[in-house]
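Biologist: I'd like to learn how to read a structure like this one. Could you walk me through a few features?

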Amino acid sequence: MALPRMVPPAAVDPSTQALRAEVRRFLADQRAAGAFAPSVDAWLTGWDETFTAALAARGWIGMTVPVEYGGHGRSFLERFAVTEELLAAGAPVAAHWIADRQIVPSLLKYGTELQKSQFLPRIVRGDCFFAIGMSEPDSGSDLASVRTRAVRVEGGWSLSGTKVWTSGAHRAHAFIVLARTAPVNPDQRHAGLSQFIVDLRGSGVRVRPIISMNGAHHFNEVILDQTFVPDAMVFGDIGAGWAQVTSELSFERSGPERFLSTFVLLAATTANMATQRISRDESLGRLVARVAGLHQMSTAVAGALERRDSADVAAAVVKVLGTTVEGDIADLADRHGGVDAASSELITAAVDQRPGFTLRGGTNEVLRGVIARGLGIR
């Protein structure tokens, strides 16, 4: 079934439009060859290293990485156009997603020359995958309550603690861990935090699967037991972890994956209504309008990141509104039901994943507080 395309162009710039057209042709060819079937939440659950390699061969991973580090030196808006098309098609991009979305800009901003030269070229080639080690048991979205400890030892640091909801840790090569390097100060709860690049396949690291209710495995618990991290893998400055994480979360929360996780389901539902296979529903138009508005908002954040402007509050707004519309799309489709095996499978996946939409990347309740503080509301 050919899916309608409702994502408006990111810009009127002819080169960006040509890039979108190129990506769409590639995706059509891949689908025709049976390389993938569109799926819900494919950026989180669709781990396909062969597909990632095909994207890397076309220069669509690490697009913003400077040429001197093996990258392509392209703009955030060009990268946005590519990622939006991949998401809209439900393509399996989970293998490289975190590395490309979050690790690349963080390395460019905080990484040492050694770290940049070691990781960036491999990420661009599509053969180095990362995870994120922020969340912990019982801490939820309150990163200030991190209990993983990093203790100074000869030549580096010894890390002990547990991270949870670590997507892809069982397949990734490394993850960036937020750990406490100084005792908690009740008056400055965000002080004393630092980041480290940890080899997920190294000594003292144990990865345990977290199996979802539907039997899927993409989340993990990662246990660090006196894991040695050399000084060369300290990420950024000791004690600056909170400021670094806050900056990184702009990339995690503002991207089009925060409103396009269920786009293939919205497109399929639209097609089924258009052909009268399911009854019309006036809420469909509102959902399409909301997606179009979020596209514009997310594009604006990409522009801010391109200018190196702060985008923390804007990113939080996109995440809250985007993940809400993703869930509403799942509800709409579920009310009408599937008309064939393909649409039924999309609905089931969307309903299964729905509870996580507003939790991952910081709960929407917490992010509303971020937005209020950013707007000066008390």
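Modeller: Let's go through helices, salt bridges, backbone angles and a surface patch. Keep in mind that this is a predicted model.

Biologist: Let's start with helices. What should the 17 residues of H5 span at 1.5 Å a residue?

Modeller: The expected span is 1.5 Å times one less than the number of residues. For H5 that comes to 24 Å, and its end C-alpha atoms are 24 Å apart, which agrees.

Biologist: Where does H5 bend?

Modeller: At isoleucine 103, by about 40°. A proline, proline 105, follows within four residues.

Biologist: And how many of the 17 residues of H5 are buried?

Modeller: Buried means under 20% relative accessible area. In H5, 14 of the 17 residues are buried, so the helix is largely enclosed by the rest of the structure. Take arginine 101, which sits in H5 (residues 94-110): its relative accessible area is 6%, so it counts as buried.

Biologist: What does the side chain of arginine 101 make a polar contact with?

Modeller: With the side chain of glutamate 257, at 2.8 Å. Another polar contact, of 2.9 Å, joins the side chains of arginine 101 and glutamine 102.

Biologist: Let me try H7 with your recipe. How far apart are its end C-alpha atoms?

Modeller: They are 20 Å apart, and 20 Å is also what the 14 residues of H7 (residues 241-254) should span. H7 bends by about 25° at glutamate 248. Eleven of its 14 residues are buried, so H7 is largely enclosed by the rest of the structure. Among them are Gly241, Leu249 and Phe251, and also Glu248 and Arg253.

Biologist: On to charges. How many salt bridges does the structure hold?

Modeller: Side chains of opposite charge can pair when their charged atoms come close. The structure holds 19 salt bridges. In one of them, aspartate 231 pairs with arginine 152, with the closest N and O atoms 3.1 Å apart. Aspartate 231 lies in the loop between E7 and strand E8, and arginine 152 in strand E2, so the pair ties together parts that are 79 residues apart in sequence. Aspartate 231 is partly exposed at 34% relative accessibility, and arginine 152 is partly exposed at 47%.

Biologist: Which residue does arginine 208 form a salt bridge with?

Modeller: Glutamate 221, and the closest N and O atoms are 2.6 Å apart. Arginine 208 lies in strand E6 and glutamate 221 in strand E7, so this pair ties together parts 13 residues apart in sequence. Arginine 208 is partly exposed at 39%, whereas glutamate 221 is buried at 16%.

Biologist: Which residues are joined into one network by salt bridges that share partners?

Modeller: Arg20, Arg24, Glu84 and Glu85.

Biologist: Now the backbone. Why would a positive phi catch your eye?

Modeller: Because most residues other than glycine have a negative phi. Here, aspartate 41 has a positive phi of about 60° although it is not a glycine. Aspartate 41 is in the loop between helix H1 and helix H2, and it is buried, at 1% relative accessible area. Tryptophan 165 also has a positive phi of about 60°, and its place is in the loop between strand E3 and strand E4.

Biologist: Last one: which residues make the nonpolar surface patch of about 240 Å²?

Modeller: Val151, Val153 and Phe228. Phenylalanine 228 is in strand E7 and is partly exposed, with a relative accessible area of 46%.

Notes
Residues numbered from 1 in each chain as written. Predicted model: local features only at pLDDT ≥ 70, side-chain atom pairs only at ≥ 80, totals over all residues. Heavy atoms only, no water. Patch = residues over 30% accessible without salt bridge, like charges linked within 9 Å, V, L, I, M, F, W, Y side chains within 5 Å. Areas by Shrake-Rupley, 256 points an atom, 1.4 Å probe, with all protein chains shown as cover. Salt bridge = Lys/Arg side-chain N within 4 Å of Asp/Glu carboxyl O. Helix = DSSP H or I, 4+ residues; strand = E, 2+ residues; numbered from the N terminus. Buried < 20%, exposed > 50% of the residue type's maximum accessible area, 1.4 Å probe, protein only. Bend = angle between axes of the 7 residues up to and from the residue. Polar contact = N/O pair within 3.5 Å; in protein donor to acceptor, adjacent residues only side chain to side chain.
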